[in-house]
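Subject: Structure handover

Dear colleague,

Here is the structure I said I would pass on. Please look it over before reading the notes below.

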Amino acid sequence: MEPVTLTTDRLLLRTVGPQDTDTVYRICQDPDIQRWTTIPSPYLPEHARGFTEQLVPDGWANGTMFTFGVFLPAGELTGMLGVTMRSFATGEVGFWSAKEHRGNGYITEATVAACRWAFTRMSVDRMEWRAEVGNTASRAVAERAGFRIEGVLRSSLVNKGVLRDGWVGSLLPSDLGLPSTTPYVPARG
């Protein structure tokens, strides 16, 4: 699939490439990004190059991971967001935010836009969000984007070679007022 560009009231979501490598490297020096995400630590220039020049284009090309840089209209990178296809009609969203742009709602806005795109253009019927228990900033973004926290999955995440407990939440097309591609009958009782 060719990369797509999404826009919101305040943001431009587009794929990243070699022109963004230095910025990705700089932002990923943040200890919080290295602590809470699965990027390598220490994060080296070759990691940023591999991300922007191989991982991102390969994900779009083979339809497994759709990565968007979250940019202000003037071109400043505020964060990164990816939609990874996990199984039939199920995607998982993940994100990070540049320290200087946290608290502005950019990643929440980008998450809603990317989920809306996945529901309407990629036939996704369930979007999941997962984060290590304790990553309250990520959880706050997910909840503001409309995700319902479904619980804790024990020993469900591997980060830096260690199994950790993870929160899981979901967003359905109906949560954004959109139809599902497959009928859904919620459990009662």
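The notes below cover the sheet, the helices, the salt bridges and the database record.

Please keep in mind that this is a predicted model.

The sheet

The core element to start with is an open sheet of 8 strands with mixed pairing. Its strand order is β1-β2-β3-β4-β5-β6-β8-β7. The edges are formed by β1 (6–7) and β7 (148–159), each of which pairs on one side only. Within the sheet, β4 (residues 77–87) and β5 (residues 90–97) run antiparallel and are joined by 8 bridges. As a point of reference for that pairing, V83 stands opposite V93 in β5.

The helices

Helix α3 (residues 45–62) lies across β3 (65–71) and β4, and runs at about 125° to β3. Helix α5 (residues 136–144) also packs on the sheet, where it touches β5, β6 (126–132), β7 and β8 (162–171). The direction of α5 makes about 160° with that of β6.

Helix α4 (residues 106–121) has 16 residues. From its first C-alpha to its last, α4 reaches 22 Å, close to the 22 Å expected at 1.5 Å a residue. This helix is mostly covered, with 12 of its 16 residues buried. Among them are the aromatic residues Y106, W117 and F119, and the buried set also includes E109, T108, T111 and C115. Just after α4, S123 takes a positive phi of about 60°.

The salt bridges

The count of salt bridges comes to 14. Three of them are described here.

The side chains of E132 and R35 meet at 2.9 Å, N to O. This pair links distant parts of the chain, since E132 is in strand β6 and R35 is in helix α2 (residues 31–36), 97 residues apart. Are the two partners buried or exposed? E132 counts as buried because its relative accessibility is 9%, under the 20% cut-off. R35 has a relative accessible area of 34%, so it is partly exposed.

The side chains of E92 and R86 form a second salt bridge, at 2.8 Å, N to O. E92 has 14% relative accessibility and therefore counts as buried.

The third salt bridge is between E150 and R126, at 2.7 Å, N to O. Here too the pair links distant parts of the chain: E150 is in strand β7 and R126 in strand β6, 24 residues apart. Both ends are partly exposed, with a relative accessible area of 45% for E150 and 23% for R126.

The E92–R86 and E150–R126 pairs belong to a network of salt bridges that links R86, E92, R126, E128, R130 and E150. If you want one place to begin with the side chains, I suggest this network.

The record

UniProt lists residues 23–173 under "domain: N-acetyltransferase", in an unreviewed entry. In the model, the end C-alpha atoms of that span lie 33 Å apart. The span is 36% helix and 36% strand.

Regards

Conventions:
Residues are numbered from 1 along each chain as its sequence is written. This is a predicted model: local features need pLDDT of at least 70, side-chain atom pairs count only at pLDDT 80 or more; totals for chains, interfaces and linings use all residues. Side-chain values use heavy atoms; hydrogens and water are left out. Two strands pair if DSSP finds at least two bridges between them. Helices (H or I, at least four residues) and strands (E, at least two) are DSSP runs, numbered from the N terminus. Contact means heavy atoms within 4.5 Å. Axes are lines fitted to C-alpha atoms, for helices over the stretch in contact, and angles run from 0 to 180 degrees between N-to-C directions. The expected span of a helix is 1.5 Å times one less than its number of residues. Buried means under 20% relative accessible area, exposed over 50%, partly exposed in between (1.4 Å probe, protein chains only). A salt bridge is a side-chain nitrogen of Lys or Arg within 4 Å of a carboxyl oxygen of Asp or Glu. UniProt positions are given in the numbering used here, feature names are shortened, and annotations may be inferred rather than shown by experiment.
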